[in-house]
Amino acid sequence: MPSATVNKHRPSELLSRLASADPEVKVRALRELKNQIIGNRTKKLSFLKLGAVPSVACILADSIDEVTENNNCDNSNTNNILVQSAAALGSFACGFDAGVQAVLDAGAFPSLLRLLANPNEKVVDAGARALRMIYQSKLAPKYDFLQQKNMEFLISLLSCEKENVSGLGASIITHSCATNLEQKALFDAGILRKLDSLLEGGSLSQRDASLESLATIFRNNPEVISKFAGPEIGRPFSSIIDLAKDRHPRTRLLACMCLIVIRNASPHFLQDIGIKTKIIHILLELLDDPGQVGDEAPFAFSILIAQKEDIQKLALEANAIDKLHHHLQKGSLHPRRFEGILLALADMCSKLESCRSRFLSLQVLNLVADALTDYNSGVRTAACVCLKSVTRSIKNLSAGYFMNEIIVIPLVQLFLDPSSSVQVAALGAVSNIVVDFTTRKSVFVQCGGMNQLVQLAKSMESSVRSNALWALKNFVFQADNRLKEGVFSELTASLLSNLICDPEPSVQEQALALVRNLVDGCINLIEFVFAEGGLILEAIGRQLQCSSKAEIGIQGMYALCNVASGNEFHKEAVIQQLFTQMDDKNQSFVIKFLQSNDSQLRIATVWTIVNLTCPSSHGAPGRLEKLHNAGITSQLKNMVNDPCVDVKLRVRTVLGQSMAFGDN
């Protein structure tokens with residue numbers, strides 16, 4: 001028979017004691033509940049299912065009402081109940097979104113706010129701590145900084161000497177400040193001065209919370225950063241720079257992240273190479289931290305170097321790739337850290353050939369290939385992103401480092417991944433690997449890659465369809481006729497025409513680009529657009545007539561340009577598409593394209609006209625007459641001094657061909 005002690009610790013028995021009329025029994029039950037669920041997601045979930053949160057929320061609300069009605073602030077039992085119930089609710093919310101949602105659903109949030117006005121310091125501290133736990137979650141209520149009373153309340157929180165209360169104020173800012181208007185309102189209210197004072201004289205917890213809040217207020221807002229800098233530029237930043245050298249790893253990380261936000265929003269600040277180099281070294285050193293700081297450090301490093309060649313060069317000189325590789329070699333990494341290191345390597349290799357060469361010389365590629373089969377979807381995605389960056393190298397693609405079974409087979413397998421993010425990332429890597437190397441494309445075909453791309457082009461996810469078409473476009477680029485015929489037979493004219501008219505512009509663009517590459521080359525390939533009664537050619541014409549996006553116009557016109565490079569039948573089919581849907585009320589889309597601000601669209605359109613009016617073609621005079629009657633020749637004459645040299649040269653070619661047939 002179970003002992004009384006065992007029964008006492010059962011969840012159901014514990015919850016029954018929460019309803020006890022004896023305050024001491026209730027306090028012990030609340031404390032025991034809190035202790036059981038701290039850091040234990042399984043226990044939290046178990047108690048959630050039993051309805052523990054509404055019970056605790058009810059205890060909290062009733063106790064607050066009792067204090068208010070009886071003006072009984074000094075009752076130790078009541079205060080203990082307030083402290084323990086707030087602590088229990090905070091424990092449910094800590095790092096557990098389901099717990100946060102349960103606390104909010106139980107109506108405990110307003111009760112916790114009311115605790116901040118309690119005269120007992122322990123009660124206030126418990127309430128503030130619980131609210132901070134809630135504000136660590138994205139589910140926390142949005143705070144409206146634009147209301148005067150809310151701003152005054154926030155200032156009162158930040159002015160409080162109690163670190164959990166001031167920390168709550170900072171957490172509210174970090175969670176809720178999202179717009180430039182809110183950032184400016186916080187600055188105008190003097191919030192940044194409050195945060196800066198906490199940096200200078202606050203506790204460790206207050207400094208860290210302030211750094212996070214400052215980064216939130218600075219993010220993408222150079223105006224606020226400039227105002228914060230004030231007349232003595234650099235003075236307010238010096239405290240942040242000093243904290244980047246603090247002995248506490250988390251403080252160093254947060255200070256670096258704040259400096260990165262400042263640098264990204266206002267590049268004219270923090271230009272000193274010494275500061276940038278120091279941030280690089282600090283973040284690389286933080287990778288050695290065994291906890292959360294080490295997990296987050298590579299993400300901060302990625303943000304620092306992303307799209308910045310100058311900082312990537314400094315990072316290379318600091319042996320960043322070697323150090324990131326060293327951490328990968330350790331194995332058994334936390335998924336978050338593993339993902340971050342792969343993304344950091346991706347950013348390191350995104351622009352500089354020297355970085356890619358170092359990456360390959362260290363044989364990091366083998367570790368990245370292994371990561372493609374990791375159990376964690378974030379790691380798999382990051383591995384694909386890393387491969388995409390490394391495969392931007394024409395030299396390394398030409399050397400055949402990537403078109404092999406070690407890389408290609410796991411990538412193709414990821415086409416079937418349950419996560420669409422992984423699928424898109426894998427397609428991005430494949431798009432680079434398959435381009436321009438016909439002698440090695442058989443590896444991709446043999447492992448089923450081509451067939452899988454065709455299937456993904458039918459995906460319900462528009463991003464998957466678009467990226468699958470992008471990969472197919474690169475796959476058939478300068479490929480031999482046999483491979484193109486194989487791709488087209490799998491796709492079919494009806495599917496391609498549907499994709500050209502897809503609701504998503506990105507899919508339309510890639511479908512047109514695929515057709516452009518399919519019909520480029522041998523004249524027999526042009527027949528693809530006439531299959532099934534010319535479905536593809538008609539779809540191209542419809543899209544060009546109605547599309548307002550230059551990117552779609554460019555790909556569509558180049559597709560027609562390639563068709564117009566064929567025989568008389570092909571040229572006449574193109575000229576018909578240019579004017580089929582034009583009537584007295586509609587201007588030809590050709591005129592609109594020639595008048596576009598996008599030089600690439602103008603070039604594609606003029607090239608098409610060049611192919612239609614080639615002097616060796618016996619039907620050219622008739623097509624020239626149609627162009628003239630539609631006002632296109634007149635528009636071309638206005639473009640003889642086009643600011644784009646390529647456009648100007650092609651226009652003069654057309655006008656020269658026109659003159660050869662006697663058209664002045």
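# Salt bridges and helix packing

D417 is buried, its relative accessible area being 8%. The model described here is a predicted one. R380 is also buried, at a relative accessible area of 10%. The side chains of D417 and R380 form a salt bridge, with an N to O distance of 2.9 Å. This pair links distant parts of the chain, 37 residues apart: D417 sits in the loop between helix 27 (405-413) and helix 28 (420-433), while R380 belongs to helix 25. Elsewhere, E13, R17 and E32 are joined into one network by salt bridges that share partners. The whole structure contains 21 salt bridges.

Within that network, the side chains of E13 and R17 meet at 3.1 Å, N to O. Both residues are in helix 2 (residues 11-18), 4 residues apart, which is about one turn of the helix. An α-helix has 3.6 residues a turn, so residues three or four places apart point the same way. The two partners fall into separate burial classes under a cut-off of 20% relative accessible area for buried residues. E13 has a relative accessibility of 24% and therefore counts as partly exposed, whereas R17, with 11%, is buried.

Another salt bridge within one helix joins the side chains of E353 and R356, at 3.2 Å from N to O. These residues are 3 apart in helix 23, so about one helical turn separates them. E353 counts as partly exposed because its relative accessibility is 28%. R356, at 5%, counts as buried.

Helix 23 also takes part in the packing around helix 21. The buried residues of helix 21 (residues 320-330) are A320, I321, L324, H325, H327 and L328. In a view down the helix axis they fall within an arc of 160°, so the buried residues line one face of helix 21. Against these residues pack helix 18 (273-286), helix 19 (292-305), helix 20 (309-317), helix 22 (335-348), helix 23 (353-361) and helix 24 (364-371). Just after helix 21 comes G331, whose phi is positive, at about 70°.

Helix 22, one of the helices packed against the buried residues of helix 21, also packs against helix 25 (residues 377-390), at an angle of about 10° and with 8 Å between the axes. Angles under 35 degrees count as roughly parallel, and helix 22 is therefore roughly parallel to helix 25. On the helix 22 side, the contact is made by P335, F338, E339, L342, L343, L345 and A346. Helix 25 contributes G378, V379, A382, A383, V385, C386 and S389. The residues of this contact comprise 11 nonpolar, 2 polar and 1 charged. Helix 25 also holds R380, the salt-bridge partner of D417 in the loop between helix 27 and helix 28.

A last site is G99, found in helix 7 (residues 97-105). With a relative accessibility of 0%, G99 counts as buried. Apart from neighbours within four places in sequence, G99 is in contact with L48, F92 and A93. The C-alpha atom of G99 is separated by 24 Å from that of D65, which lies 34 residues away along the chain.

Definitions and conventions
Residues are numbered from 1 along each chain as its sequence is written. This is a predicted model: local features need pLDDT of at least 70, side-chain atom pairs count only at pLDDT 80 or more; totals for chains, interfaces and linings use all residues. Side-chain values use heavy atoms; hydrogens and water are left out. Buried means under 20% relative accessible area, exposed over 50%, partly exposed in between (1.4 Å probe, protein chains only). Helices (H or I, at least four residues) and strands (E, at least two) are DSSP runs, numbered from the N terminus. The arc is that of the directions from the helix axis to the C-beta atoms. Contact means heavy atoms within 4.5 Å. Axes are lines fitted to C-alpha atoms, for helices over the stretch in contact, and angles run from 0 to 180 degrees between N-to-C directions. Angles under 35 degrees count as roughly parallel, over 145 as roughly antiparallel, 65 to 115 as roughly perpendicular and the rest as oblique. Ala, Val, Leu, Ile, Met, Phe, Trp, Tyr, Cys and Pro count as nonpolar, Asp, Glu, Lys and Arg as charged, and the others, Gly among them, as polar. A salt bridge is a side-chain nitrogen of Lys or Arg within 4 Å of a carboxyl oxygen of Asp or Glu.
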